[in-house]
Amino acid sequence: LLLVTECRGILDNNQRFSSLPTYLRVSYRIFSAETSFFLKEANQDFMRNSSLQSRVESFFPYKAKRPPILNASYGPFSVEQVVPQDLMLTSNFFGSANKFTYNWKLKAYIMSDKIYLSKPKVQVLFYIVGRDWDDYSTTERLPCLRVFAFRETREVRGSCRLKGDLGLCVAELELLPSWFNPPTVVTGRKKPPDQFEGSPVELYYTIQPGDEKGECTAEDIRKGNAIRPGKDGMDEAMSHLQRIGSVSLYRGQETSQLTELRLDSNIVVWLPSKPVKQGEVVNVYVTVANNSTVDQFILRAKVKKGVNILSAKTSDPRQWDVKQEVGNGGKHSTTTVICQRIAPSSRNRSNSLFNEVVQMNFEIASFSSLSGTQPITWQVEYPRKGTTEITLSEIFICQKDLVGIVPLAMDMEILNTAILTGKTVAVPIKVVSIEENSAVTDISESVECKSSDEDVIKVSDRCDYVFVNGKEMKGKVNALVNFTYQYLSAPLQITVWVPRLPLQIDISDTELSQIKGWRVPVVSNKRPTRDSDDEDEDERKGRGCTLQYQHAMVRVLTQFVAEDSSPWGQLSYLLGSDWQFDITDLVTDFMKLEDPHIAKLQEGRILIGREVGMTTMQVLSPLSDSILAEKTVTVLDDKVTITDLGVQLVAGLSLFLQPSAASSRAIVATTIAQELLHTPKQEAVVSTWIQFSDSSVTPLDIYDSKDFSLSAVSLDEAVVSIHQNSALKWPVVAAEGEGQGTLIKVDMMISEACQKSKRKSVLAVGNGNIKVKFGQNDADSDTGGDYDADEIENHASDRRHKVSDQERYGQDGRYYGSSSAEREEGTIRKVSSTAKSVIKNKVIKNNRLDGGKLSDDSQLQNIPIDFTNFPAQVDLPKGNAGMEENDLVQTPRGLSDLEIGMYALLGVFCLAILVFLINCATFALKYRHK
């Protein structure tokens with residue numbers, strides 16, 4: 001397990017320190033996840049990633065059809081672990097033992113929120129969001145849903161079982177006639193509801209597994225009162241009531257809805273909006289506007305074959321005289337209605353804007369398909385004034401009693417990575433109709449659709465998927481796409497997350513210098529640079545070589561945001577505003593340096609200086625000429641030296657997972673390097689970091705292995721031996737006998753091609769601590785016992801007590817511990833019995849999990865397990881007093897100019913104080929004598 005923690009250090013204002021933390025350079029990879037991200041927390045505690053022996057990394061599996069697998073590797077060692085479902089908050093509600101339900105969510109739709117006494121039935125459609133419609137089995141057993149309606153102290157219940165490729169069902173509730181009466185008891189000062197308001201009824205549901213055949217059980221799973229679910233043999237989480245919504249009950253009859261068709265400023269025709277069946281008579285009402293002065297008009301209507309024209313009668317015989325003429329043709333039939341006002345227009349006392357003149361009746365005789373429309377064309381003629389334009393109306397015809405339509409999306413979120421990659425992201429859509437008998441029909445081929453804002457989300461021409469293609473301007477919570485089928489329409493709500501622009505380019509060191517003494521071969525596209533005058537001769541001796549430039553690590557970060565539905569369009573954040581997503585892999589192909597002669601980018605992750613100057617790193621849009629992010633990089637003319645070499649021995653890796661304290665959806669992975677060799681000839685490899693005189697630190701393995709070499713010497717051949725593995729670029733340490741201490745010395749040298757003499761040019765020297773004890777393993781559970789998180793915290797380094805309360809809690813009052821165990825407030829979750837044993841023993845045996853402060857002299861302290869003082873600065877005793885027996889001695893080196901100056905200044909202050917005290921004593925003696 002590799003524990004990654006991050007340390008920013010407390011530094012003198014005159015020093016420039018890299019933002020890069022020190023950690024074991026383990027590589028993390030996530031498998032079996034469709035979409036996943038590594039994360040950076042904005043307010044990380046100071047002590048994370050401060051140990052050369054460990055690495056902590058947060059990650060977020062966004063979409064996964066199978067349990068994700070996290071792999072951690074370093075050199076020849078690799079360890080992986082399946083992410084437990086409890087860490088991913090995967091619900092077992094769906095009861096599908098052979099399916100991974102991480103992205104599954106249950107959605108409920110109330111088909112009609114107005115219920116009338118004539119049709120006292122409530123219908124609720126349920127379906128599973130996030131389930132792959134193409135990946136299902138007919139034998140798959142999905143759970144049952146039990147629905148409850150509550151009115152005062154009474155309840156009605158119904159049930160249905162999810163099934164099919166869409167994983168849906170419709171539950172019915174037959175309400176009692178007495179429920180439509182006014183409430184018998186009115187509590188408090190609440191007024192009795194108006195008959196037009198309706199009586200509210202609350203709807204809830206529970207999830208329960210089906211029986212052996214997958215059917216819903218007949219007995220009620222709820223015992224006790226009508227609100228609180230019982231616990232007799234039922235999992236508590238499975239029996240909790242979940243609110244669906246409410247419906248309103250009306251005693252009256254459902255009024256027929258009419259659609260207005262305006263022929264001109266005078267005449268308006270009213271037609272039924274709901275579909276009609278074969279053999280039914282359609283009533284059409286012709287009205288005249290109240291403010292109209294028309295006394296005579298001729299109305300012509302034309303219908304196709306299959307519609308019979310019946311009678312037309314006046315609605316007000318005292319006001320209007322109506323005559324009808326009918327003409328039957330081959331394919332069409334026509335009717336002409338002549339309307340003549342016979343009495344002066346009386347003053348209309350009603351509030352209506354129109355006066356009804358005539359009622360026309362049409363009969364739907366036949367039609368060719370189960371559903372469709374029958375057109376009726378209308379035209380008005382005024383004597384001696386001409387005719388109006390032809391107006392078309394449609395009568396919907398359907399043999400089914402449709403209640404409504406519901407658009408279903410496979411997922412209710414879209415992550416718009418198309419802005420970053422140029423690749424379209426789509427979510428499949430299906431639209432179903434619901435009949436009064438609860439039958440469900442797929443009508444996806446017959447619907448029309450339109451996006452409410454194409455700058456957020458688009459919909460395909462066939463209405464079978466919604467998509468984003470990278471040309472969108474913003475994201476939105478619950479963006480609307482409207483679907484229409486005949487007279488029915490319904491919106492689809494879907495949240496679109498977009499990367500926040502500009503993106504953030506995170507570079508570990510934006511100022512790169514040449515490294516004094518480190519010569520590398522000159523390649524064809526690299527021009528040699530002149531060194532200082534005192535090294536001109538050396539440069540000429542090392543022909544074809546030039547000084548190495550510093551390297552830096554690069555990553556691109558962003559936040560995924562969406563505007564909410566408020567008028568101000570406030571931003572909502574995926575995971576929260578404290579989290580940034582590492583999107584480097586998505587934009588690697590679109591990263592470039594404005595001037596590649598000054599610096600170059602290697603594999604999108606490593607920045608390499610090439611020539612003195614200033615340039616800009618950019619992330620370009622894949623779809624346009626716009627720049628998504630940029631950051632200035634400077635290659636300095638100054639030269640730096642390597643001041644320290646940090647060494648960590650790695651004999652194996654251990655991995656464990658725990659939930660993040662900051663977000664329930666983020667997971668923290670911790671990997672720790674094992675440094676105990678417990679079997680003869682067991683091998684370990686070397687991990688190294690280098691520190692420069694400008695206080696920046698860098699892992700050595702980001703440099704090309706051809707540009708340097710490492711050699712190691714055993715200080716006790718009886719305990720460990722050293723050999724060079726041709727497959728590895730680092731020395732390999734092998735156990736020979738028991739012992740411990742600073743037994744490894746590592747030299748870093750320039751490449752053979754640039755050696756100027758037989759004497760090797762050594763750039764840096766580091767010492768490594770190792771412990772060999774045969775028969776004892778870091779993961780030995782026999783000696784570990786049962787440890788909890790508090791015991792892990794107690795075994796941590798005693799240096800954590802030197803951290804002030806302000807450093808622990810930070811400015812925002814949030815706790816910042818010096819180890820992952822502290823940061824998660826002692827709540828380390830054991831993901832399995834195996835992982836539990838690893839945590840209890842491997843972590844506890846290495847009794848230094850956390851980091852320490854930075855020392856004033858920036859020297860490396862070779863301390864086992866954490867190496868917290870590299871490059872961190874800690875206040876430690878200069879000798880071995882107070883150190884554990886397996887601690888390493890520090891690597892000696894000369895004082896820097898800054899340190900000499902500080903010590904000289906301190907000496908002057910001390911001398912001044914001494915003179916002042918002597919002067920005070922002399923004055924006091926003279927005064928006493930007088």
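Student: In which sense do strands E37 and E47 run, and how many bridges join them?

Tutor: In this predicted model, E37 covers residues 511-521 and E47 covers residues 627-640. Within this pair, Gln514 of the one strand stands opposite Lys639 in E47. The two strands run parallel, and the bridges that join them number four.

Student: Which strands stand at the edges of the open sheet that holds E37 and E47?

Tutor: The sheet has five strands with mixed pairing, in the order E38-E37-E47-E46-E43. An edge strand here has a single partner strand, so one side of it is left without a neighbour in the sheet. The strands in that position are E38 (545-549) and E43 (591-593).

Student: By what angle are neighbouring strands of this sheet turned against each other on average?

Tutor: The sheet in question is the open one ordered E38-E37-E47-E46-E43. With direction ignored, the average turn between its neighbouring strands is 35°.

Student: Why is one side of E9 and of E12 left without a neighbour in the sheet?

Tutor: These strands belong to an open sheet of five strands, ordered E9-E15-E14-E11-E12, with mixed pairing. E9 (114-116) and E12 (154-161) stand at its edges. One side of each lacks a neighbour because each has a single partner strand.

Student: Which residue in E12 stands opposite Phe148?

Tutor: Strand E11 spans residues 144-151 and pairs with E12 in the antiparallel sense, over eight bridges. Opposite Phe148, the residue in E12 is Arg157.

Student: What is the average turn between neighbouring strands in the sheet E9-E15-E14-E11-E12?

Tutor: The pairing in this sheet is mixed, and the angle is taken with direction ignored. On average, neighbouring strands are turned against each other by 30°.

Terms used: Residues numbered from 1 in each chain as written. Predicted model: local features only at pLDDT ≥ 70, side-chain atom pairs only at ≥ 80, totals over all residues. Heavy atoms only, no water. Pairing = 2+ DSSP bridges. Axes fitted to C-alpha atoms, helices over the stretch in contact; angles between N-to-C directions.
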